[in-house]
Amino acid sequence: MPFDQAASRRRFLKYLSASPLLASSGLAALAGEGPAAGVKLPDPIAWAPLKTESLIKSPKDAVNVFDFEPVCRVNVPPAHFGYMASGIDDEVTLRANREGFLKFQLRPRRLVDVSKIDMSIELLGAKYPTPIIIAPVGGQRSFHPDGEIGVAKAAKAGGHLQILSTSTNTDVEEVTAARGAPIWYQLYATNKWDVAKAMVQRAEDAGCLAVAVTVDRSGGRNQETLFRLVPTDTRDCSGCHERGSLVTNLKRRAMYQGLDLSGLTHTQSSAMTWDFLKRLRDSTRMKIVLKGILAHEDAVLAADNGIDAIIVSNHGARSEDSGRSTIDALPEIVEAVRGRMPILVDSGFRRGTDMVKALCMGASAVCIGRPYIWGLGAFGQAGVERVLELMRLELYAAMQQVGAPSIKHLVPNMVRRAT
Ligand SMILES: Cc1cc2nc3c(=O)[nH]c(=O)nc-3n(C[C@H](O)[C@H](O)[C@H](O)COP(=O)(O)O)c2cc1C
């Protein structure tokens, strides 16, 4: 069903005023009243309380990436917004991903010429002007008609590497063309090898440099925020979501088109082991990246098994509610890997200083998810462009502040654990 933004806004405001959620779960902060004591608050409401009376009107009005989220909330249908915002269960990990950065402080160096900052990196044989990477997010047309193409064009404008989700609404070939440079393809392996193999082959044919295999969506999940918002969405969703079977429900997912989906029971894989990766290694010339590593034992196994890079990720707190942030997990993994492969990190990165902390700890690059979706939902491609620009500007400034003229100058002793 096409978006009716005015209707969506009216529904949202009505929902705000009438919702029992508002009274009982701390979402009072949404109305600009500030959080009630002792209640759980989803990211980023605790950080940037929504004030519906002072929403930004255009991307250039944004002062930070959080400014986009409430606009996205007003524009995007509640079920889609809930899907984006949701963590799992008590959303402890969701909050931890933000709060984790407070456990670390920066130790700036002085009297270094930082009049020019070089943020460029080399990653798996390709050069990028920025270490900020677009994390894979499924179904981007559910946030704005610009969808994956708008995101690709915004990524091109800023020189960002883009990772395209298996659940993309748009073909990998079209997204690659819009990005104007090779991208990475994210793989949800499904329960059927032939489906995974065909998708990987298609991505390779489209020129993708790497396949990022997501290894952290192995089970069920209780996305409470999503499930509480769905009933407030009064649209008829059957035009897009055919819930009769898994296969019919995939009809708007571009990468499944033309494949034999008989026997497909899951889009993710609960049964994946290292054997799958050996098989994958024999089937593709692309680099293989594992997305969702959180323990140093698995990072070492990845290096031992010839994996080309890992992404330290808890899926933006959407795959488990362990309570551990990725910035907390990163140091043990960097130490165990000892430089054998690049380590990327995501989940909760919003600020230049967040990124500088991870880069100082030894990450090679940082992926972001929700912030660019807030930008997309708020203003389409122009919103994504501005979100990425703000993130680049903040990273630039944060590098100046710590005295690091290039990424290689971001070293471990510039960051310390707060006491
Ligand atoms: C709405 C949404 C959809 C996502 N879809 C995918 C996906 O299809 N594949 C995947 O590997 N990760 C997916 N992710 C996880 C992101 O790639 C990334 O790990 C996460 O968003 C980073 O955390 P952040 O949102 O706090 O920046 C999704 C995240 C969101 C918010």
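# Exercises on a predicted protein model

R235 lies in the loop between helix 9 (224–229) and helix 10 (246–249). The exercises below concern a predicted model.

**Exercise 1.** Determine whether R235 is buried or exposed, and state how far its C-alpha atom is from that of P78.

*Solution.*
- Step 1. The relative accessible area of R235 is 17%.
- Step 2. Buried means under 20% relative accessible area. R235 is therefore buried.
- Step 3. R235 and P78 stand 157 residues apart along the chain, and their C-alpha atoms are separated by 9.7 Å.

**Exercise 2.** Locate A365, classify its exposure and list the residues that it touches.

*Solution.*
- Step 1. A365 belongs to strand 11 (residues 365–368).
- Step 2. Its relative accessibility is 0%, so A365 counts as buried.
- Step 3. Leaving aside residues up to four places away in sequence, A365 touches I121, P131, I133, I343, L344, V345 and L359.
- Step 4. For V345, the separation from A365 is 20 residues in sequence and 6.7 Å in space, C-alpha to C-alpha.

**Exercise 3.** Describe how helix 8 packs against helix 11, giving angle, axis distance, handedness and contact residues.

*Solution.*
- Step 1. Two packed helices are described by the angle between their axes and the distance between the axes.
- Step 2. For helix 8 (residues 193–205) and helix 11 (residues 274–281), the angle is about 45° and the axes are 11 Å apart. Helix 8 is therefore oblique to helix 11.
- Step 3. The crossing of helix 8 past helix 11 is right-handed.
- Step 4. On the helix 8 side the contact is made by W193, A196 and V200; on the helix 11 side, by F276, R279 and L280.
- Step 5. Sorted by class, this contact of helix 8 with helix 11 has 5 nonpolar residues, no polar residues and 1 charged residue.

**Exercise 4.** Carry out the corresponding description for helix 15 and helix 16.

*Solution.*
- Step 1. The axes of helix 15 (residues 370–379) and helix 16 (residues 381–402) cross at roughly 145° and come within 6 Å.
- Step 2. Helix 15 passes helix 16 in a crossing that is right-handed.
- Step 3. Helix 15 contributes P371, Y372, G375, L376 and F379, which meet Q381, A382, G383, V384, V387 and M391 of helix 16.
- Step 4. The residues of this contact of helix 15 with helix 16 comprise 8 nonpolar, 3 polar and no charged.

**Exercise 5.** For D89 and L111, give the phi angle, the location and the exposure class.

*Solution.*
- Step 1. D89 is not a glycine, yet its phi is positive, at about 50°. L111, likewise not a glycine, has a positive phi of about 55°.
- Step 2. D89 is placed in the loop between helix 4 (78–85) and helix 5 (92–99). L111 occupies the loop between strand 1 (104–106) and strand 2 (121–123).
- Step 3. With a relative accessible area of 32%, D89 is partly exposed.
- Step 4. L111 has a relative accessibility of 90% and therefore counts as exposed.

**Exercise 6.** Summarise the protein chain by its helices and strands, burial, contacts and exposed area.

*Solution.*
- Step 1. The protein chain contains 16 helices and 12 strands.
- Step 2. It has 419 residues, of which 57% count as buried.
- Step 3. Of the contacts between residues at least 6 apart in sequence, 72% join residues at least 24 apart.
- Step 4. The protein chain exposes about 17,200 Å², and carbon and sulfur atoms supply 52% of that area.

Key: Residues are numbered from 1 along each chain as its sequence is written. This is a predicted model: local features need pLDDT of at least 70, side-chain atom pairs count only at pLDDT 80 or more; totals for chains, interfaces and linings use all residues. Side-chain values use heavy atoms; hydrogens and water are left out. Axes are lines fitted to C-alpha atoms, for helices over the stretch in contact, and angles run from 0 to 180 degrees between N-to-C directions. Helices (H or I, at least four residues) and strands (E, at least two) are DSSP runs, numbered from the N terminus. Angles under 35 degrees count as roughly parallel, over 145 as roughly antiparallel, 65 to 115 as roughly perpendicular and the rest as oblique. A crossing is left-handed if the near helix is turned anticlockwise from the far one by less than a right angle, and right-handed if clockwise. Contact means heavy atoms within 4.5 Å. Ala, Val, Leu, Ile, Met, Phe, Trp, Tyr, Cys and Pro count as nonpolar, Asp, Glu, Lys and Arg as charged, and the others, Gly among them, as polar. Buried means under 20% relative accessible area, exposed over 50%, partly exposed in between (1.4 Å probe, protein chains only). Accessible areas come from the Shrake-Rupley method with a 1.4 Å probe; for residues, only the protein chains shown count as cover.
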